[in-house]
Amino acid sequence: MTSVLEVKNLKTYFFTEEGIIKAVDDVSFNVPKGTALGLVGESGCGKTVTAMSITRLISAPGRIVGGEILFNGYDLLSKSEKEMRQVRGAQIAMVFQEPMTALNPVLQVGFQIAETVLAHQNVSKREAWARAVEAMRAVSIPDAENRAKDYPHRLSGGMRQRIMIAMALVCHPALIIADEPTTAIDVTIQAQILELLDSLREQYQLSLILISHDLGVVAEVAETVAVMYAGKIVEIGPVMDIFHNPKHPYTEGLLRSVPRLGSSAQKRDRLEVIEGMVPNLLRLPDGCSFAPRCYKRTLECTLSPIPLEHVSRSHGARCIHA
Amino acid sequence: MPDRAEPLLSVRNLKKYFPIRRGVFSRIAAYVKAVDDIGFDINKGETFGLVGESGCGKTTAGRAILRLIEPDAGTIRFDGVNLLQLRKHELRRKRRDMQLIFQDPYASLNPRMTIRSIVGEPFAIHRLAGGLEREHRVADLLNIVGLDPAMMNRYPHEFSGGQRQRIGIARALALKPKLIVADEPVSALDVSIQAQIINLLADLQQQFGLTYLFISHAIPVIEHISTRIGVMYLGKLVEVGTSAQICLAPKHPYTQALLSAVPTPDPAAKKRRIVLRGEVPTPINPPSGCRFHTRCPIAVERCKTEEPPLRQIEAGRDVSCHLV
Ligand SMILES: Nc1ncnc2c1ncn2[C@@H]1O[C@H](COP(=O)(O)OP(=O)(O)OP(=O)(O)O)[C@@H](O)[C@H]1O
Ligand code: SF4
Ligand SMILES: [Mg+2]
């Protein structure tokens, strides 16, 4: 299968007064055409910075300091800002967690979607509007012609998120990066949005990067899962392997610590936990970043950086005891 | 309930309507029926989980029960007295026995106060332990919640989210309360930290015989921690039962849809998802009859006009649905 996106050894650092924050540190993954990659991890592990690096939206004090980002074979890191503007929105589109901040409050939502079309395609305003309405229909917004004339505040959170998805879809991009698209949304509406993303993927042959801290959401949507911890991918592989046969102690611990629906069948008083807390990126330990919290830790783990190695053909883990 | 001990908390017909004012004279144009006639009991030592989606009224219910906002109607019997009949100073004394833990450990701690004064504040307010004794008590509390008392002189910003939630819990425990209302206490925390705090809450319950009203939208969390669960929709309780009754065999169509919408962290799980149509209507003008009828997959004519009462359908389980 050909890859829409290949990220190789990506490094994005923030040069702050307190020191260098290696927010993304040697991250590599592929997104084969038509598939979904799930990126999971806890707050601050570098998921959003990874997404922003792919679309080259990193600004000072941040900088991409290394690696390659190949989109349909072309290196995005060597493109000019002008060329990148043609890529963003048209070929790679983003959907964010909080649609209200991404939408302009004083413009009709249909107009905002149409603007995306006009920015990338040589069509009339009428045509752009028609495409906006069509995209709104594609994301199952009822009465799309009239809703297009609404201002963002008139719409519910779920509807706004549909607008964001319509805006992402309207130029038929090859890749959508959705950063916590349902985190701010109620679970019954989340179910609608996830179903929608799923059906759109089939219909448009879309490739998707879905960023989430919710293991459940990722398990439902993604074919491949990458688990990030402190700026690095610590485990990556097919969704079944990651959830049923995790090799990294962090992935293992995360999966064990989430309460699961149906747990009252065998009531336990305590959850299994990962002790300690997420490390400060300014003060990472030598060796494995997870070592201070790891139940498998040995002296060896703390000596030098741990490489991401194959545990099977398509499954990798950054752990010497995997 | 004949030969059962009296519940620690017994809520009946609780209502809280928020007026919406409009126009130059700020006339009351409508009401948000945030909590509209709910009732439940919580026995001593148990955890009652209140679950529902945003705007269903669960936070308002929690605050109204503590009288942090004044309810419009109902009775709240707590530890033998009706809280709604207490005068200000009586209520103040009673408040020691009921504490609140907030969702947002960032916003709920005063950034200019040290941990020592934050955790010691309840003693100051109620003019209890002073001086060295207060310091010892604060140190004890910090130990209990798993924080190093040596950090007592630091400020909230020096702590992580999970640690700040521990500080909030220490403060809530200061006056040895009987009831703790925890409103989304782990929702703002990272997955790996959530489990730590959930365990801490369970340990404290064991250790001090605490009773919890645990409010959350996170259903697996509610299921894990609760003895019994109440499911809210648009200001009403639609189903109440034991954790197992609600989560293993839900009866109300809303509970069923809500549970089926929860993503499972298991890619092999075969799901039969009930995707609800449309959006949650506004509690300003809630639908007639059964409030859920506009989204209900099995609604019949009667549901549009007649409000289903919450009634017991089997031991320990109440449901408000004409078709159950
Ligand atoms: N503008 C910035 N300046 C300095 N540091 C930054 C900046 N933006 C991000 N970082 C740091 O980069 C790291 C990764 O942040 P990122 O936003 O990618 O995390 P995330 O995985 O998306 O977390 P969340 O789940 O909270 O969204 C964090 O430690 C963050 O503090
Ligand atoms: S390398 Fe060592 S410390 Fe790191 S995850 Fe593996 S066992 Fe744990
Ligand atoms: Mg993020």
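## Cavities in the model

A cavity is a set of grid points where a 1.4 Å probe fits but cannot get out. With that in mind, welcome to this predicted model, which holds four cavities of 30 Å³ or more. The two largest of them are a good place to begin the tour.

The largest cavity contains about 90 Å³ of space. Its lining is made up of 14 residues, and those nearest the centre are A:Pro249, A:Cys288, A:Cys294, A:Cys301 and A:Cys319. Sorted by class, that lining has nine nonpolar, two polar and three charged residues.

The second largest cavity holds about 70 Å³ of space. It is lined by 14 residues, with B:Pro253, B:Cys290, B:Cys296, B:Cys303 and B:Cys321 nearest its centre. Here the classes come to 10 nonpolar, four polar and no charged residues.

## Ligand 2 and its surroundings

Where does ligand 2 sit? Its place is in the largest cavity. Around ligand 2 you will find A:His248, A:Pro249, A:Cys288, A:Phe290, A:Ala291 and A:Cys294, together with A:Lys296, A:Cys301, A:Cys319, A:Ile320 and A:His321.

If you look at this shell by class, eight of its residues are nonpolar, two are polar and one is charged. Several names may already be familiar: A:Pro249, A:Cys288, A:Cys294, A:Cys301 and A:Cys319 surround ligand 2 and are also the residues nearest the centre of the largest cavity.

## An open pocket in chain B

Let us move on to the pockets. The second largest pocket has a volume of about 770 Å³. Its lining counts 31 residues, and B:Gly39, B:Phe40, B:Val240, B:Leu310 and B:Asp318 are the ones nearest its centre. Two or more lining residues come from each of these elements of chain B: β1 (9–22), β2 (27–42), β9 (228–233), β10 (236–242) and β12 (317–319).

Which element gives the most to this lining? That is β2(B), with five residues. The lining of the second largest pocket as a whole has 13 nonpolar, eight polar and 10 charged residues.

## Chain B as a whole

Chain B has 10 helices and 12 strands. Its radius of gyration is 21 Å, close to the 20 Å that the globule rule gives for 324 residues, so chain B is as compact as a globular protein of that length. Along the principal axes, the C-alpha trace of chain B spans about 70 × 55 × 50 Å. Of its 324 residues, 55% count as buried.

One helix to look for is α1(B), at residues 58–65. Six of its eight residues are buried, so this helix is largely enclosed by the rest of the structure. The buried ones are B:Lys58, B:Thr60, B:Ala61, B:Gly62, B:Ala64 and B:Ile65.

## Backbone angles to look for

Most residues other than glycine have a negative phi, and most peptide bonds are trans. A few places in this model depart from that pattern, and they are worth visiting one by one.

In chain B, B:Arg67 takes a positive phi of about 60 degrees just after α1(B). B:Asp37 has a phi near 70 degrees, a positive value in a residue other than glycine. B:Asp37 belongs to strand β2 of chain B and is partly exposed, with 34% relative accessibility. In chain A, the phi of A:Arg56 is positive too, near 55 degrees. A:Arg56 is in the loop between α1 and β4 of chain A, where its relative accessibility of 21% makes it partly exposed. A:Pro61 is in the loop between α1 (47–54) and β4 (62–71) of chain A, and a cis peptide bond with omega of about 5 degrees joins A:Ala60 to A:Pro61.

## Two more loop residues of chain A

A:Leu77 is in the loop between β5 (74–75) and α2 (81–87) of chain A. Is A:Leu77 buried or partly exposed? With a relative accessible area of 26%, A:Leu77 is partly exposed. From C-alpha to C-alpha, A:Leu77 and A:Glu17 are 26 Å apart in space, while 60 residues separate them in sequence.

The other stop is A:Ser140, in the loop between α5 (125–138) and α6 (144–147) of chain A. At 45% relative accessibility, A:Ser140 counts as partly exposed. A:Ser140 and A:Ile163 are 23 residues apart in sequence, and their C-alpha atoms are 10.0 Å apart in space.

Key: Residues numbered from 1 in each chain as written. Chains lettered and ligands numbered in written order. Predicted model: local features only at pLDDT ≥ 70, side-chain atom pairs only at ≥ 80, totals over all residues. Heavy atoms only, no water. Near = heavy atom within 4 Å. 1 Å grid on protein atoms, 1.4 Å probe; cavity = no way out; pocket = protein on both sides within 12 Å on 5 of 7 lines; lining within 4 Å. Sits in = over half its atoms within 2 Å of the grid points. Nonpolar A, V, L, I, M, F, W, Y, C, P; charged D, E, K, R; others polar. Points joined across faces, edges and corners; volume = space filled by probe spheres on them. Helix = DSSP H or I, 4+ residues; strand = E, 2+ residues; numbered from the N terminus. Rg over C-alpha atoms; globule rule 2.2 N^0.38 Å. Buried < 20%, exposed > 50% of the residue type's maximum accessible area, 1.4 Å probe, protein only.
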